[in-house]
Amino acid sequence: MTELFESNLRLLSEYDPILADLLRWNEPGGAVETFPTPAGAPSLRYKKDGIFQPIHSAHDPIREALRWAARIELNPPVYNVMIFGAGMMYHCFELV
């Protein structure tokens, strides 16, 4: 995964070196882990300074992604969509 990230950063550097540097040096500074939710789909959270912060819904991450995707208006023709912060990809799947 690190190799893919670095490869993408090298390509991004050709088009937007400032953004590539921002992404390269942005580290969350905490541990990331999966955890089960009442809805059955796993979710992600990170621990920083002893406090857990969810990245997705702690109750139903798929329903959260469905609501998010329903708000997105893409006017055709749409050829490319860029989503930053993929997490567990729930919102990416729902958008597709």
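Helices (H or I, at least four residues) and strands (E, at least two) are DSSP runs, numbered from the N terminus. With that in hand, A39 can be placed in the loop between β1 and β2.

What you see above is a predicted model, in which local features need pLDDT of at least 70 and side-chain atom pairs count only at pLDDT 80 or more, while totals for chains, interfaces and linings use all residues. Residues are numbered from 1 along each chain as its sequence is written, and side-chain values use heavy atoms, with hydrogens and water left out.

## The strands

Let us start with the strands. Two strands are said to pair if DSSP finds at least two bridges between them. Strand β1 (residues 31-35) and strand β2 (residues 43-48) run antiparallel and are joined by 5 bridges. Within this pairing, A31 sits opposite K47 of β2. On to the next pair: β2 also pairs with strand β3 (residues 51-54), again in the antiparallel sense, over 4 bridges. Here R45 has P54 of β3 as its bridge partner. The hairpin of β2 and β3 has 2 residues between the strands, and D49 takes a positive phi near 55° there.

V32 is a helpful residue to click on in strand β1. Leaving aside residues up to four places away in sequence, V32 touches L44, R45, Y46 and I55, where contact means heavy atoms within 4.5 Å. The C-alpha atoms of V32 and K47 are separated by 6.5 Å, although the two residues are 15 apart along the chain.

## A salt bridge across two strands

How many salt bridges does a search of the whole structure find? The search finds 1, a salt bridge being a side-chain nitrogen of Lys or Arg within 4 Å of a carboxyl oxygen of Asp or Glu. The partners are E33 and R45, whose closest N and O atoms are 2.7 Å apart. This pair links distant parts of the chain, with E33 in strand β1, R45 in strand β2 and their positions 12 residues apart. Side chains of opposite charge can pair when their charged atoms come close.

## Accessibility at a glance

Residues are called buried under 20% relative accessible area, exposed over 50% and partly exposed in between (1.4 Å probe, protein chains only). Accessible areas come from the Shrake-Rupley method with a 1.4 Å probe, and for residues only the protein chains shown count as cover. Here are some residues that count as partly exposed.

| Residue | Relative accessible area |
|---|---|
| V32 | 47% |
| A39 | 45% |
| L74 | 41% |
| M89 | 34% |
| E33 | 29% |
| L19 | 28% |
| R45 | 24% |

## Helix α3 and its neighbours

Which residues of α3 are buried? They are P61, A65 and A69. These residues lie on the same side of α3, because they cover an arc of only 70° around the axis; the arc is that of the directions from the helix axis to the C-beta atoms. The buried residues of α3 pack against β2 and α4. On the face turned away from the buried side, α3 carries the exposed residues R67, A70 and R71.

From helix α4, H91 gives a view of the surroundings. H91 counts as buried because its relative accessibility is 13%. Not counting residues up to four places away in sequence, H91 touches A65, W68, I83, G85 and A86.

## Loops and a surface patch

The loop between α3 (61-71) and α4 (90-95) holds L74. M89 is found in the loop between α3 and α4 as well, and M89 has a positive phi of about 75° although it is not a glycine.

L74 also belongs to a nonpolar surface patch with I72, V78 and V81, and together the four have about 290 Å² of accessible area. Patches are made of residues with over 30% relative accessible area and no salt bridge: like charges are joined within 9 Å, nonpolar side chains (Val, Leu, Ile, Met, Phe, Trp, Tyr) within 5 Å.

Back in the loop between β1 and β2, A39 touches H59 and D60, not counting residues up to four places away in sequence. The C-alpha atoms of A39 and I18 are separated by 40 Å, with the two residues 21 apart along the chain.

Finally, L19 is found in helix α2 (residues 17-25). L19 and M82 are 63 residues apart along the chain, and their C-alpha atoms are separated by 14 Å.
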